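Q: Could you take a close look at one part of this structure for me, and then follow the charged side-chain pairs from there? I would like a careful, connected account.

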Amino acid sequence: LVVQGADAGGHGLAASASIVSLLPEMGDALSTIDDEHFRQQDVASIPLIAAGGISDGRSVAAATMLGASGVVLGTRFLATPECIITPGYQAAVLSAQDGGVSTVRTSVYDTLRGTPWPEKFNGRAIKNKSWHDAQETGGKVTEESKKKFDEAMKMGDNAWGVEGRATTYAGSGVGLVREVRPAGDVVREIREGAKTIVREYAMSGLVREGN
């Protein structure tokens with residue numbers, strides 16, 4: 001069962017929580033479910049896969065401590081040669097910092113793209129001129145901003161970036177994405193980093209217990 005928190009890039013529930021609280025609560029809910037159609041022990045054993053804001057070994061280790069059996073990464077793989085996105089999009093991801101501030105959950109880009117989602121959903125993306133224009137009009141997309149967006153989409157790679165207008169979906173962990181690396185290297189690095197952290201904390205815990 002993939003548990004996606006509010007920090008995830010792209011679309012999700014507008015009213016949502018981060019995996020810090022969502023994962024433990026989901027685990028508790030599964031362990032106490034009472035339904036005649038399911039055997040409780042079967043439901044409780046469903047693996048939880050964490051998603052949203054996970055970009056390196058540290059966040060994978062944290063998700064594991066919260067009860068995740070695995071993780072899903074999205075934003076980190078935008079900076080891999082295997083990812084088929086424009087150079088402008090990738091450059092915007094690499095230049096973003098402080099994802100909690102530089103990204104936002106909004107429906108502005110859905111309106112601009114003409115791809116409306118149900119009201120209870122929105123998408124996390126990197127803030128740029130399209131978003132800032134909407135803030136000046138109470139969060140609404142005007143005909144003028146839609147025209148500017150359409151014109152920007154004809155500019156190629158120049159459409160992206162904080163001074164651009166193109167939609168740049170990315171999670172709040174985007175500030176940890178700093179270089180383009182092969183997807184296989186990313187997986188190995190994150191996996192080994194998480195294993196090292198978990199091992200070190202386990203050992204330090206044993207030491208404290210022995211003292």
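A: In this predicted model, leucine 22 sits in helix H1, which covers residues 19-31. The residue has a relative accessible area of 22% and is therefore partly exposed, since the buried class is reserved for values under 20%. When its neighbours within four places in sequence are set aside, the contacts of leucine 22 are Val3, Gln4, Gly5 and Ala17. Serine 172, by comparison, stands 150 residues from leucine 22 in sequence, and the C-alpha atoms of the two are 16 Å apart in space.

Turning to the charged side chains, side chains of opposite charge can pair when their charged atoms come close. By the rule applied here, with a side-chain nitrogen of Lys or Arg within 4 Å of a carboxyl oxygen of Asp or Glu, the model holds ten salt bridges. One of them joins glutamate 163 to lysine 129, with an N to O distance of 3.6 Å. Because glutamate 163 belongs to the loop between helix H8 (143-152) and helix H9 (183-210), while lysine 129 belongs to helix H7 (residues 129-135), this pair ties together parts that are 34 residues apart in sequence. Glutamate 163 is exposed, at 59% relative accessibility, whereas lysine 129 is partly exposed, with a relative accessible area of 35%.

A salt bridge also links the side chains of aspartate 133 and arginine 165, at 2.6 Å from N to O. This pair, too, connects distant parts of the chain, with aspartate 133 in helix H7 and arginine 165 in the loop between H8 and H9, 32 residues apart. As for their surroundings, aspartate 133 and arginine 165 are both buried.

Within helix H8 there is a salt bridge between lysine 146 and aspartate 150, whose closest N and O atoms are 2.9 Å apart. These two residues are four apart in that helix, so about one helical turn separates lysine 146 from aspartate 150. Both ends of the bridge fall in the intermediate accessibility class: lysine 146 is partly exposed at 28% relative accessibility, and aspartate 150 is partly exposed at 33%.

Finally, some charged residues are joined in a group, for Arg181, Asp185, Arg188 and Glu189 are linked in a network of salt bridges.

Notes
Residues numbered from 1 in each chain as written. Predicted model: local features only at pLDDT ≥ 70, side-chain atom pairs only at ≥ 80, totals over all residues. Heavy atoms only, no water. Buried < 20%, exposed > 50% of the residue type's maximum accessible area, 1.4 Å probe, protein only. Contact = heavy atoms within 4.5 Å.
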